[in-house]
Amino acid sequence: MNFAAKNFYHKITQTVCFVLLIHLFTLSPDVFADLAGSDHDFTGAGWGDGNICKVCHTPHNANTTVPNSPLWNHAVTTATFTPYSSSTLNASVGQPTGVSKLCLSCHDGTVAVDSFGGRMGTHIEGGIGTDLRDHHPVSFAYDSALAVADGALFDPTIQPTILGGTIASDLLVAGRLECSSCHDVHNRYGNSELLKISESGSALCLTCHDM
């Protein structure tokens with residue numbers, strides 16, 4: 001294969017991978033504009049390679065071992081966490097899993113944020129640590145049964161949100177409450193702290209909690 005053919009093949013491969021990336025992420029056409037300038041825009045970081053997606057995602061040699069992690073490119077935490085617990089908590093909360101584990105792979109302070117693409121990074125952020133007792137519980141099933149048992153939670157299968165669907169369809173991941181239930185890593189909603197629903201007037205809390 002001559003140089004021109006190789007170059008053409010390379011460009012076609014890049015285009016196909018890019019389209020596949022967008023399809024798998026189901027992002028809006030303005031995703032890059034949404035991300036730009038947000039807390040997850042690492043293009044200005046010296047360790048980020050100037051690439052807005054590469055820190056978390058890759059079209060080649062991705063980690064497929066974690067559910068709901070499209071084309072994952074970042075090292076995954078192996079820390080053991082102290083989960084949230086309370087005498088009034090009706091949910092069963094254990095170790096963070098799935099999407100929440102991916103979030104903690106940068107935010108737990110044990111994995112360098114520049115540990116991506118198979119390399120061992122050195123840039124450690126302070127993070128929230130591995131003691132999650134002062135944080136909202138994550139990685140637990142939130143269903144109609146939990147709402148009844150708790151008595152102060154809305155039924156996620158029927159309670160609407162301001163995003164247009166129900167709690168289950170708009171916020172939960174496979175029926176579970178995860179970090180991404182409240183936070184949108186791609187900043188599509190433009191709220192502070194990458195929140196899906198603004199905290200103004202306690203709107204975020206009151207989406208699920210029937211006060």
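In this predicted model, the number of disulfides is zero. A disulfide requires two cysteine sulfur atoms within 2.5 Å. For Cys106, the closest cysteine sulfur belongs to Cys56 and lies 5.9 Å away, which is too far for a bond. Cys205 likewise takes part in no disulfide. The nearest cysteine sulfur to that of Cys205 is found in Cys182, at 7.9 Å.

The surroundings of Cys106 and Cys205 were also examined. Cys106 has a relative accessible area of 17%. Because the limit for a buried residue is under 20%, Cys106 is classed as buried. Cys205 has a relative accessibility of 45% and is therefore counted as partly exposed, a class that lies between the buried limit and the exposed limit of over 50%.

The secondary structure of the protein chain consists of seven helices and two strands. Along the sequence, these elements occur in the order α-α-α-β-α-α-β-α-α. Three helices thus precede a strand in this pattern, two helices and another strand follow, and two further helices end the series.

The protein chain contains 211 residues, of which 36% are buried. Its exposed surface amounts to about 11,900 Å², and 56% of this area comes from carbon and sulfur atoms. Contacts within the protein chain were considered for residues with a separation of 6 or more. Of these contacts, 54% join residues that are 24 or more positions apart in the sequence.

Key: Residues numbered from 1 in each chain as written. Predicted model: local features only at pLDDT ≥ 70, side-chain atom pairs only at ≥ 80, totals over all residues. Heavy atoms only, no water. Buried < 20%, exposed > 50% of the residue type's maximum accessible area, 1.4 Å probe, protein only. Helix = DSSP H or I, 4+ residues; strand = E, 2+ residues; numbered from the N terminus. Contact = heavy atoms within 4.5 Å. Areas by Shrake-Rupley, 256 points an atom, 1.4 Å probe, with all protein chains shown as cover.
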